[in-house]
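Grab your viewer and work through a few short exercises on the structure below. Try each task before you read its solution.

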Amino acid sequence: MRRPRVDRWTSAMREVMRLHAKARFKWGKSDCTMWADVVFAMTGVDPLSALRDYDTEKGALRILKATGH
């Protein structure tokens, strides 16, 4: 399903990507879920909002397991 984009989505997308490119890796903040931050910047919808409650590798694995991954 394609979501409508927010106004000025290109600049919002670029800003999020720039911030992540400069950020050090941090579980739950700047990790492999960074793509969801880009989607949020573009659409206003966070596809991982229910899965962001972790700040360690163990916490990430717990959430992945709980969601069947």
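The exercises go from the whole chain down to one core.

The model is predicted, so local features need pLDDT of at least 70 and side-chain atom pairs count only at pLDDT 80 or more, while totals for chains, interfaces and linings use all residues. Residues are numbered from 1 along each chain as its sequence is written, and side-chain values use heavy atoms, leaving out hydrogens and water.

**Exercise 1. Find out how confident the predictor is, overall and by element.**

Start with pLDDT, the predictor's confidence in each residue, from 0 to 100. The protein chain has a mean of 93, and 100% of its residues reach 70 or more. Next, go by element: helix H1 (residues 9-22) has the highest mean, 96, and helix H2 (residues 34-43) the lowest, 94.

**Exercise 2. Describe the fold and its overall dimensions.**

Assign the elements as DSSP runs, numbered from the N terminus: helices are H or I with at least four residues, strands E with at least two. You get three helices and zero strands, in the order α-α-α. Then box the C-alpha atoms along the principal axes, which gives roughly 35 × 30 × 15 Å.

**Exercise 3. Tally the charged side chains.**

Count Lys and Arg as positive and Asp and Glu as negative, skipping His and the chain ends. Place each charge at NZ of Lys, CZ of Arg, CG of Asp or CD of Glu. The tally is 14 positive and 8 negative side chains, with the centres of the two sets 3 Å apart.

**Exercise 4. List what H2 buries, and see what comes right after it.**

Use under 20% relative accessible area for buried, over 50% for exposed and in between for partly exposed (1.4 Å probe, protein chains only). Of the 69 residues in the chain, 26% are buried. In H2 the buried ones are Ala36, Asp37, Val38, Ala41, Met42 and Thr43, and their cover includes H1. Just past H2, Gly44 has a positive phi of about 85°.

**Exercise 5. Which residues form the largest nonpolar core?**

Join buried Ala, Val, Leu, Ile, Met, Phe, Trp, Tyr and Cys residues through side-chain atoms within 4.5 Å. The largest set has five members: Met13, Val16, Val38, Ala41 and Met42. H1 and H2 each give at least two of them, and H2 has the largest share with three. Now check contacts (heavy atoms within 4.5 Å): ignoring residues up to four places away in sequence, Val16 touches Asp37, Val38 and Ala41.
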